[in-house]
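Hello,

Here is the structure we talked about handing over. Please look through it first, then read the notes underneath.

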Amino acid sequence: MSKILQLSMVVLLMGSLAACGTSKTSNETATNETVKEKTTNNANGTVKEEGTTTEKTPTKNEHKLELADDVADKIAEMKEVEKANVIVTDKNAYVAVTLKKGVNGDKTVEDKIADQARAANADFKNVYVSLNPDFVKEMNQYGEKIRANEPVEGFFEEFSNTVKRVFPDAH
């Protein structure tokens, strides 16, 4: 990909992550709400409670991080790759890769990895690949938190800051 295309994708990503950083009210966080009505039968004085459940549409401010282990497995099958970790936000994939010994981690390899990610999941709008060992370590930690079902709100901002640090052209 050309540098301009990469830069524009990163700028779009950062804009979308910045929009996700706003806080939400308790009303926005609920996805289901039960409404109870009390009706009184005046003839015998009994009170009857009736409940109905209404579905609320999730707001854009809800943070969502998911692991894409199937995509990571496909990337790990590549001859250059030792292991991979993929975390997805909306339609953006963040790929942290450890290469096999002796493999030169140049732009060609990164592009090949990104292509493999897109081949494994055509829904990805943007794929960001990093071979940075610190990023790999942090992505593994985020993956462990996601697997442990920790609330995303607890580390989403940290994840966003990590992405901004590793992909600085996004500012």
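Helix α4 is a good place to begin: Val109, Ile113, Ala114 and Ala117 are buried in this helix. These four cover an arc of only 140° around the axis, so they lie on the same side of α4. An α-helix has 3.6 residues a turn, so residues three or four places apart point the same way. On the other side of α4, Thr108 and Ala119 are exposed.

What covers the buried residues of α4? The cover includes α3, β4 (81–89), β5 (92–99) and β6 (126–130).

The length of α4 can be checked too. The helix has 14 residues (107–120), which at 1.5 Å a residue should span 20 Å; the end C-alpha atoms are 20 Å apart, so the two values agree.

Strand β6 contains Val129. Is Val129 buried or exposed? Its relative accessibility is 10%, and buried means under 20%, so Val129 counts as buried. The C-alpha atom of Val129 is 6.1 Å from that of Glu110, although 19 residues separate the two along the chain.

Now for the confidence. This is a predicted model, with a mean pLDDT of 73 for the protein, and 60% of the residues reach 70 or more. Among the elements, helix α3 (residues 69–76) has the highest mean pLDDT, 97, and helix α2 (residues 26–29) the lowest, 38. The pLDDT is below 50 over residues 21–44, a stretch with 45 contacts in the model beyond near neighbours in sequence. Residues 46–61 are also below 50, with 39 such contacts. Where pLDDT is low, the predicted coordinates should not be read in detail.

Regards

Note on methods: Residues are numbered from 1 along each chain as its sequence is written. This is a predicted model: local features need pLDDT of at least 70, side-chain atom pairs count only at pLDDT 80 or more; totals for chains, interfaces and linings use all residues. Side-chain values use heavy atoms; hydrogens and water are left out. pLDDT is the predictor's confidence in each residue, from 0 to 100. Helices (H or I, at least four residues) and strands (E, at least two) are DSSP runs, numbered from the N terminus. Contact means heavy atoms within 4.5 Å. The expected span of a helix is 1.5 Å times one less than its number of residues. Buried means under 20% relative accessible area, exposed over 50%, partly exposed in between (1.4 Å probe, protein chains only). The arc is that of the directions from the helix axis to the C-beta atoms.
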